[in-house]
Amino acid sequence: MTACTQERKKMEKQVVDVARGAFNSGRSRPLQYRKQQLRALLRLIRERQADIAAALKQDLNRSEFDTPLLELIGLEKDIKLAESKLSDWTSPQPVEKNLLTISDDVYIQAEPLGVVLIIGAWNYPWALTLQPLVGAIAAGNAAVVKPSELSKNSASLLKELLPQYLDKEMYPVVTGGVPETQELLRQRFDHIFYTGSSTVGKVVMEAAARHLTPVTLELGGKSPCYIDKDCDIAVACRRITWGKFTNCGQTCIAPDYILCHPSIQNRVIEEIRLTLLEFYGEDPKTSPDYSRIINQHHFERVLALMEGCTVAVGGESDKTLCYIAPTVLKDVLPHARVMQEEIFGPVLPIITVSDVSEVIRFINEREKPLALYVFSSDKKVVKRMLSETTSGGVVVNDVIMHFTVNSLPFGGVGNSGMGKYHGKHTFDQLSHHRACLIKSLAMESLNKARYPPLTPSRLRRARCFMLSRLCSCAQATCAWAIIATILALGLLIALLVVLLKDPVA
């Protein structure tokens with residue numbers, strides 16, 4: 001083991017130890033502390049937006065207007081929601097009782113897990129790193145933040161800014177590449193939240209298993225997009241073009257490929273071509289709204305995926321600028337190289353299918369996708385696609401927009417990930433939901449049915465008590481209020497009858 005490796009191991013362990021010490025001090029448990037940290041994070045986003053945009057311009061050639069639209073507005077929304085709802089989220093949640101627990105307090109209490117490791121992604125390095133952090137703060141955890149080294153300018157800026165706004169012992173930032181991440185994964189955490197590829201996700205899960213650490217894996221995969229003949233193809237292609245080529249196609253829930261009938265393939269290609277012309281002009285390379293591939297490695301990987309395919313639109317590239325033009329491939333075969341892995345770039349293959357049954361078979365024969373997109377005006381087609389396929393999320397007649405709704409859980413299934421987040425779902429994912437039952441030492445006679453010596457009559461009584469279901473506290477209060485109201489009305493009516501009764505009678 002080299003001196004450099006030993007020093008790295010010592011540093012990573014020290015960071016985790018300091019975070020655990022800060023958590024064990026108990027200072028993250030009061031709601032006021034959590035709200036203060038959330039407000040500080042909101043200030044960071046608002047006050048340093050120009051710096052964040054500049055870093056993203058260097059990393060991905062991201063437009064200054066895309067930065068708030070694609071990353072910061074959603075972060076603000078999550079922070080505001082968490083701060084406003086935190087008291088509700090952390091309050092005891094009453095549950096149903098049975099006759100054995102009728103006089104007890106029975107509820108679920110959300111409590112912090114401990115120290116969370118957040119491994120962010122490079123394609124949206126602020127949203128995909130800080131959104132899990134919002135949930136970690138709200139839940140009362142400490143968090144070690146590891147931004148991706150590929151978006152190096154954003155990672156450096158995050159390491160500089162976060163300690164200026166947040167508790168630096170509770171929320172430290174660790175930068176570096178694979179060795180630093182590997183060393184972090186050797187440490188013990190109470191939860192690991194990873195966003196990235198399925199390949200690395202397996203490595204993370206294997207490392208977590210050594211300590212029985214639960215994981216949230218936000219992965220990816222090939223998200224299909226089916227265009228039915230019965231839909232407004234122009235509108236469909238406009239929405240697909242936006243979702244696919246935003247951020248140069250480097251979006252985990254971008255449409256990965258199109259499935260459509262052969263009779264509409266040329267129309268789809270033409271509508272995408274016209275939309276690209278409207279969005280990015282004659283030469284997308286000169287458009288301020290068109291991003292770049294993150295690095296040379298991914299540039300070469302994406303170009304290699306197109307080998308052997310027919311280019312219908314685009315295809316131009318410039319290695320010195322990591323530029324690949326928005327590209328559409330036609331008549332792609334299922335066994336083509338571009339169909340064997342997630343593209344994660346500005347290349348959109350079109351595969352022709354005969355009908356919706358073939359579409360469903362095609363999707364179900366492959367790994368479960370992170371997202372599924374269906375464009376159709378036929379309710380029967382939509383119903384079949386929803387009921388006969390599975391995916392992390394599904395959107396009908398649009399793409400990506402489910403990510404913007406923080407009341408919806410966002411996450412994958414199978415090879416596309418496990419766990420969920422956004423809004424309250426992040427808080428729940430990073431909390432322990434503790435089962436609580438508070439019983440009095442009085443009324444001991446009610447417990448005789450469970451004590452030895454057991455008899456048939458005691459067993460019958462226990463069975464009756466245990467199988468009964470009573471309302472939760474809130475429901476019971478409502479029920480008793482209704483019963484009391486009915487009784488009061490009945491007494492009032494009886495009183496009126498007596499008072500109004502004919503004295504002669």
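# A tour from strand to patch

Start by selecting L329: its bridge partner in strand 13 is P349. Before you click further, know that this is a predicted model, where local features need pLDDT of at least 70, side-chain atom pairs count only at pLDDT 80 or more, and totals for chains, interfaces and linings use all residues. Residues are numbered from 1 along each chain as its sequence is written, and side-chain values use heavy atoms, with hydrogens and water left out.

**Stop one: around L329**

Show strand 12 (residues 327-330) and strand 13 (residues 347-352) together; they pair in the parallel sense over three bridges. Strands here are DSSP runs of E with at least two residues, helices are runs of H or I with at least four, and both are numbered from the N terminus. Two strands count as paired if DSSP finds at least two bridges between them. Now add strand 9 (residues 310-313), which joins strand 12 in the antiparallel sense, over three bridges. There, V311 has L329 of strand 12 as its bridge partner.

**Stop two: an open sheet**

Which order do the strands of the open three-strand sheet follow? It runs 1-2-17, with antiparallel pairing. Strand 1 (93-94) and strand 17 (431-438) are the edges, each pairing on one side only. Select strand 2 (residues 105-112) and you'll find eight bridges to strand 17; E111, for one, is partnered with H432 in strand 17.

**Stop three: salt bridges**

Side chains of opposite charge can pair when their charged atoms come close. A salt bridge here means a Lys or Arg side-chain nitrogen within 4 Å of an Asp or Glu carboxyl oxygen, and by that rule there are 24.

Pick R62 and E71: they meet in a salt bridge at 3.0 Å, N to O. Both are buried, that is, under 20% relative accessible area, while exposed is over 50% and partly exposed lies in between (1.4 Å probe, protein chains only).

Then try D256 and K222, whose side chains meet at 2.4 Å, N to O. This pair links distant parts of the chain, 34 residues apart: D256 is in the loop between helix 9 (233-245) and strand 8 (257-260), and K222 in the loop between strand 6 (215-218) and strand 7 (224-227). D256 and K222 are both buried.

For a mixed pair, select K146 and E149, with closest N and O atoms 3.6 Å apart. K146 counts as buried because its relative accessibility is 1%, whereas E149 counts as partly exposed because its value is 32%. Finally, color R27, D167 and E169, which are linked in a network of salt bridges.

**Stop four: the inside**

The largest nonpolar core holds 135 residues, and L133, I258, V338 and M385 have the most contacts inside it. Such a core is a set of buried Ala, Val, Leu, Ile, Met, Phe, Trp, Tyr and Cys residues joined through side-chain atoms within 4.5 Å. Zoom in on M385: leaving out residues up to four places away in sequence, it touches Y226, V356, V359, I360, I363, L372 and V374 (contact: heavy atoms within 4.5 Å).

**Last stop: the outside**

Turn to helix 16 (residues 473-500), home of L489. L489 is partly exposed because its relative accessible area is 47%. Together with L492, L495, L496, L499 and L500, L489 makes a nonpolar surface patch of about 630 Å². Patch residues have over 30% relative accessible area and no salt bridge, with nonpolar side chains (Val, Leu, Ile, Met, Phe, Trp, Tyr) joined within 5 Å and like charges within 9 Å. Areas come from the Shrake-Rupley method with a 1.4 Å probe, and for residues only the protein chains shown count as cover.
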